[in-house]
Amino acid sequence: MPGERDGTLPTALDGSIAERILYLRRRPVVAGPHSISHRAMASPPTVVDPAARGSKPPWHPGRDLTGRLLFLGTGTSVGVPLVGCGCETCQKGGPRDVRTRTSILVGMPDGHLLVDTTPDLRSQLLREDIGRVEAVIYTHDHVDHVYGLDDVRPLCFHSGRPMPVYCEEPVELRIRRAFDYAFSSKPPAGGGVPKLTFERIGTKPLEILGGRVVPLRLTHGPFDVLGFRFGDIAYCTDTSGIPEATWPLLEGLEVLVLDCLRHTTHPTHLSVSEALAVAKRTGAKRTLLTHLSHDLPHEATNASLPAGVELAYDGLELAVAVG
Ligand SMILES: [Zn+2]
Ligand SMILES: [Zn+2]
Ligand SMILES: [Zn+2]
């Protein structure tokens, strides 16, 4: 229920068993019931005393990702492992075969910019020790990119201000429908709601958190969605084609992050061969594929890709120079 835990700081201790398994699979556990990861051991998170619930806990801002681009999630809409799937990737995959829903965090000069709010947002932020996000920008309005928005509540709780949300009109309409309780003149009794301020975007370059963001119009089956360019990195998830007008914006790339669902074709996503053709045409020095399904096991697929093209994975970080 929205607002159920308002006033408390989420910790690994109150995560669901499934969420704990997700990040315990990725990070070696050191010891003790309070251990989250080796990184957390080096810089222990603030654990809220249950007696303090209801009052404002101390803020643990976590890692500073200024000048970094972090992959929070690289999985397709159902995630990997796929619930109930008996395939090799889902049952016997390695740590890089655990893919939460697709999202990145970009360390802009004046704060952390979150690209999309997936249903895995809470576990992604805990896994990566991120305690602050200064703005959110959306690629499009699909469930796997929007429906974790309620998880920004603790971020606003600590910052003391509403979350700026940069998006196109269809995303705002989706958010207003899906999270109607956040916009009601009568907020739900006893519960907190995400506090948001909308900033409309289109295809015009804009400045966010002290850095330049260039929106990139992309085709996603029948939908028009956005990718974004940050310095010499382009982020193009959820696409099945690049419109002609967008190609010039993909020149001179150091890194292209590109949608790639599986080997076979799909109406709204790129296949491996289609993604390779896009990567080649852009001339990007390095291409990282994302929005991956269980059809693409990490190690075997990487071994089969041409030089300069790799699968991204949850937790991967790149340097980014956002001017
Ligand atoms: Zn998606
Ligand atoms: Zn599977
Ligand atoms: Zn989509």
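**Close-up views of two sheets in a predicted model**

**View 1. Strand 11 beside strand 12.** Strand 11 (residues 255-259) and strand 12 (residues 286-290) run parallel and are joined by 5 bridges. One residue pair can be picked out here: D259 has T290 of strand 12 standing opposite. The model shown in this and the following views is predicted. Strands of a sheet pair through backbone hydrogen bonds, and the pairing is either parallel or antiparallel.

**View 2. Helix 8 on the sheet.** Helix 8, made of residues 272-282, packs on the sheet and touches strand 11, strand 12 and strand 13. Between the direction of helix 8 and that of strand 11 the angle is about 155°.

**View 3. The sheet that holds strands 11 and 12.** This open sheet consists of 7 strands in the order 7-8-9-10-11-12-13, and its pairing is mixed. At its edges lie strand 7 (206-208) and strand 13 (309-311), each of which pairs on one side only. On average, neighbouring strands of this sheet are turned by 30° against each other, with direction ignored.

**View 4. A further open sheet of 7 strands****.** Here the strand order is 6-5-4-3-2-1-14, and the pairing is mixed. Strand 6 (196-200) and strand 14 (317-319) are the edge strands, and each pairs on one side only. From one strand to the next, the twist averages 25°.

**View 5. Strand 5 beside strand 6.** Strand 5 (residues 163-167) runs parallel to strand 6, and 5 bridges join the two. Which residue of strand 6 is the bridge partner of C167? The partner is R200. Strand 6 is also an edge strand of its sheet.

Methods: Residues are numbered from 1 along each chain as its sequence is written. Chains are lettered from A and ligands numbered from 1 in the order in which they are written. This is a predicted model: local features need pLDDT of at least 70, side-chain atom pairs count only at pLDDT 80 or more; totals for chains, interfaces and linings use all residues. Two strands pair if DSSP finds at least two bridges between them. Helices (H or I, at least four residues) and strands (E, at least two) are DSSP runs, numbered from the N terminus. Axes are lines fitted to C-alpha atoms, for helices over the stretch in contact, and angles run from 0 to 180 degrees between N-to-C directions. Two residues are in contact if their C-beta atoms, placed from the backbone, lie within 7 Å.
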